[in-house]
Amino acid sequence: MGQPHEDPRGALVRPYAVTRGRTEPLRDIAIEAVLLTTPTGVQESRFAGHDKQRIAAVCDGRPQSLAEIAAYTRLPLGVARVLVADMVADGLLALHGAALSDVYEERMELLERVLSGLRRL
Amino acid sequence: MVGAVSEIEPLTTEAVMTAAGVGIDDPSKVPGKGTTTVAMDFGRITMAEDLILYLFGTPGQTRFWFMWDELIRGALGAAVLVDTRRITDAFAPLDYFENRGMPYLVALNCFDGAPRYDLDEVREALAIPQHVPLVLCDARQRDSVKHVLITVVEHSMMMLRAEHNRGEAAPVG
């Protein structure tokens, strides 16, 4: 993780070339949504192409947000989102962390938990 | 600010700004330049196995609004960090959060050498509504940033409770 220039293609590749030109993800993935590589992803991501393999490595055994995946792989956010959405659809990544609840009690409980977490810092 | 409390070295994500997301920096006036890349810093605080707090920092200029639109979707709240040397830069972000009903506060960044202002003067100069907290902060200091974040969450809770008590059936966010 964190090898900045491990991809020798570097900036020579136009951002959306790695998604074969697709700019719309299969499903919306929030920037803070957390992803974890599934056992299938550990086994099979190497057949999914270089970039997806790197993403699977980043999220193997430690949950990472879409933002972190983009940062560690040096992919632009929109490109990472398309690839991650593909990988969720293919069962290579598991999506954790649902969107914010609209239910008052659940939302309040989440805020309480965040507040105690911050106080413990 | 993010770096002062994050458990990881702040990371940078790049987003490609297309013409649709552009404010005053209109790329259509630059021949052959349809997109610009902007960077956004963020950090992380793992609170529990099932709870991670992400902190995103973006610049305040209006041309970055497309990033803010992305960020406020799942956000608990926002802090507008005001540089006392460029106080009027805060107008745009303040309008943005006010208009979208996102709980936010204003943190006046006070560090050595920066001009000092009276909080009431700043509130008046920026027309900050009375219900919006205004706090002093040193964005480099962990305890100070921690205090700002705690105040953001407390404010979010207060706003949520007030909305709930008004009996509004409309979902939040």
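**Exercise 1. The largest nonpolar core**

Task: In this predicted model, determine how many residues the largest nonpolar core has and which of them have the most contacts inside it.

Solution.
Step 1. The largest nonpolar core has 66 residues.
Step 2. Those with the most contacts inside the core are Leu66(A), Ile69(A), Ala80(A), Val84(A), Val80(B) and Ala107(B).
Step 3. Helix H4 (residues 77-89) of chain A gives the largest share of this core, nine residues.
Step 4. Within chain B, domain 1 (1-58) and domain 2 (75-173) both contribute residues, so the core lies between these two domains.
Step 5. Val80(B) may then be examined individually. Not counting residues up to four places away in sequence, Val80(B) touches Ala90(B), Pro93(B), Leu94(B), Phe97(B), Tyr104(B), Val106(B) and Ala107(B).

**Exercise 2. Helix H3 of chain A and the residue after it**

Task: Establish how many residues of helix H3 (residues 66-73) of chain A are buried, and describe the backbone just after H3(A).

Solution.
Step 1. The buried residues of H3(A) are Leu66(A), Ala67(A), Glu68(A), Ile69(A), Ala70(A), Ala71(A), Tyr72(A) and Thr73(A).
Step 2. These are eight of the eight residues of the helix, so H3(A) is largely enclosed by the rest of the structure.
Step 3. Just after H3(A) comes Arg74(A), with a positive phi of about 60°, although Arg74(A) is not a glycine.
Step 4. Arg74(A) is placed in the loop between H3 and H4 of chain A.
Step 5. Residues with 20 or more C-beta neighbours within 10 Å are buried, and those with 12 or fewer are exposed. Arg74(A) has 19 such neighbours inside 10 Å and therefore counts as partly exposed.
Step 6. Ala127(B) may be treated in the same manner. Its phi is positive, near 50°, in a residue other than glycine. Ala127(B) lies in the loop between helix H4 (119-125) and strand E6 (134-137) of chain B. Because 10 other C-beta atoms lie within 10 Å, Ala127(B) is exposed.

**Exercise 3. Strand pairing in chain A**

Task: State in which sense strand E1 (residues 34-37) of chain A pairs with strand E2 (residues 64-65) of chain A and with strand E3 (residues 93-96) of chain A.

Solution.
Step 1. E1(A) and E2(A) pair in the antiparallel sense over two bridges. Leu35(A) has Gln64(A) as its bridge partner in E2(A).
Step 2. E1(A) and E3(A) also pair in the antiparallel sense, over four bridges. Here the bridge partner of Leu36(A) is Ala94(A).

**Exercise 4. The fold and the open sheet of chain B**

Task: Give the secondary structure of chain B and find which strands stand at the edges of its three-stranded open sheet.

Solution.
Step 1. Chain B contains five helices and six strands, in the order α-β-β-β-α-β-α-β-α-β-α from the N terminus on.
Step 2. The open sheet has the strand order E4-E5-E6 (chain B), with parallel pairing.
Step 3. Strand E4 (78-83) and E6 of chain B are the edge strands, each with a single partner, so one side of each lacks a neighbour in the sheet.
Step 4. From one strand to the next, the twist averages 30°.
Step 5. Strand E5 (residues 104-109) of chain B is joined to E6(B) by four bridges; Ala107(B) has Val135(B) as its bridge partner.
Step 6. H5(B) packs on the sheet and touches E4, E5 and E6 of chain B, its direction making about 165° with that of E6(B).

**Exercise 5. The contact between the chains**

Task: Determine how many residues each chain gives to the contact, and decide whether Tyr54(B) is buried or exposed.

Solution.
Step 1. Chain B gives 32 residues and chain A gives 27 residues.
Step 2. On the side of chain B that touches chain A, strand E1 (11-17), strand E2 (36-48), strand E3 (51-57), helix H2 (65-72) and helix H5 (142-165) each supply at least two residues.
Step 3. The largest share of that side, nine residues, comes from H5(B).
Step 4. By class, the side of chain B that touches chain A has 20 nonpolar, seven polar and five charged residues.
Step 5. Tyr54(B) is found in strand E3 of chain B. With 21 C-beta neighbours inside 10 Å, Tyr54(B) counts as buried.
Step 6. Not counting residues up to four places away in sequence, Tyr54(B) touches Glu32(A), Ser65(A), Ala67(A), Phe42(B) and Arg44(B). Tyr54(B) and Phe42(B) are 12 residues apart in sequence and 7.0 Å apart in space, C-alpha to C-alpha.

Conventions: Residues numbered from 1 in each chain as written. Chains lettered and ligands numbered in written order. Predicted model: local features only at pLDDT ≥ 70, side-chain atom pairs only at ≥ 80, totals over all residues. Contact = placed C-beta atoms within 7 Å. Nonpolar A, V, L, I, M, F, W, Y, C, P; charged D, E, K, R; others polar. Core = buried A, V, L, I, M, F, W, Y, C linked by C-beta atoms within 7 Å. Domains from an automatic or database assignment. Pairing = 2+ DSSP bridges. Axes fitted to C-alpha atoms, helices over the stretch in contact; angles between N-to-C directions.
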